[in-house]
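User: Could you take me through one part of this model in detail? I'd like a close look at the largest pocket and whatever surrounds it.

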Amino acid sequence: MSRTAASGPSEQKILVERVQTGVRLEKRLLKVLKGLAEYHDMTLGDLLEGIVLHAFDGRHPFSAETRQRIVDLKRIYKLDLDSSASHRLMESVEETKSRPKSKRSTRRIKR
């Protein structure tokens, strides 16, 4: 996915502004994505941007070789989900015990 300015006008670098985000993903799905990004020697953010931009254009983002790598990573990380699960995922909620307040949060500030 590397592009150089010397490759032609359509291959020139595009200056963008990126922001940090706190996206929550299914744990095994994230492991597969991180593994795939590592395999392609790219950041997770770059991988996700590429996937989304391809999807927005209605194009498949992966070659046959990469799709086989995804099958392998899904097996390794026991990811048994496919696209039919996308609107049925529900997060498990653990009961959280109330934590005692820290001493710092109960101190009064002297002025």
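Analyst: Happy to! A definition to start with: a pocket here is an open set of points on a 1 Å grid over the protein atoms alone, with protein on both sides within 12 Å along at least five of seven lines. Its volume is the space filled by probe spheres set on the points. Please keep in mind throughout that this is a predicted model.

By that measure, the largest pocket has a volume of about 1,100 Å³. Its lining is made up of 30 residues, and those nearest the centre are Leu-25, Leu-33, Leu-44, Leu-48 and Ile-51. Sorted by character, the lining holds 18 nonpolar, 6 polar and 6 charged residues.

Where does the lining come from? Helices H1 (27-39), H2 (44-56) and H3 (64-76) each give at least two residues to the lining, and the largest share, 7 residues, belongs to H2.

It helps to place these helices in the whole chain. The chain has 4 helices and 0 strands, so its elements read α-α-α-α from the N terminus on. Of its 111 residues, 14% count as buried. Among contacts between residues at least 6 apart in sequence, 50% join residues at least 24 apart.

Now to H2, the main contributor to the lining. H2 has 13 residues and spans 18 Å from its first C-alpha to its last, close to the 18 Å expected at 1.5 Å a residue. Just after H2 comes Gly-58, with a positive phi of about 70°. Ahead of H2, in the loop that joins H1 to H2, sits Asp-41. Asp-41 has a phi near 55°, a positive value in a residue other than glycine. With a relative accessible area of 70%, Asp-41 is exposed, because exposed means over 50%.

The other two helices can be followed through a pair of residues. Tyr-39 belongs to H1 and Thr-66 to H3. Tyr-39 and Thr-66 are 27 residues apart in sequence, and their C-alpha atoms are 9.3 Å apart in space. Which of the two is buried, and which partly exposed? Thr-66 is buried, because its relative accessible area is 6% and the cut-off for buried is under 20%. Tyr-39, at 35%, is partly exposed. Leaving out neighbours within four places in sequence, Thr-66 is in contact with Leu-36 and His-40. On the same basis, Tyr-39 touches Glu-65 and Arg-69.

Past H3, in the loop between H3 and H4, you will find Lys-78. Lys-78 has a positive phi of about 55° although it is not a glycine, and at 64% relative accessibility it counts as exposed.

Finally, a word on confidence, since you may want to work with these coordinates. The chain averages a pLDDT of 86, and 77% of the residues score at least 70. Among the elements of the chain, H1 has the highest mean pLDDT, 98, whereas H4 (residues 103-106) has the lowest, 58. Over residues 1-6 the pLDDT stays under 50, and the model has 10 contacts beyond four places in sequence for this stretch. Where pLDDT is low, the predicted coordinates should not be read in detail.

Definitions and conventions:
Residues numbered from 1 in each chain as written. Predicted model: local features only at pLDDT ≥ 70, side-chain atom pairs only at ≥ 80, totals over all residues. Heavy atoms only, no water. 1 Å grid on protein atoms, 1.4 Å probe; cavity = no way out; pocket = protein on both sides within 12 Å on 5 of 7 lines; lining within 4 Å. Nonpolar A, V, L, I, M, F, W, Y, C, P; charged D, E, K, R; others polar. Expected span 1.5 Å × (residues − 1). Buried < 20%, exposed > 50% of the residue type's maximum accessible area, 1.4 Å probe, protein only. Contact = heavy atoms within 4.5 Å. pLDDT = per-residue confidence, 0-100.
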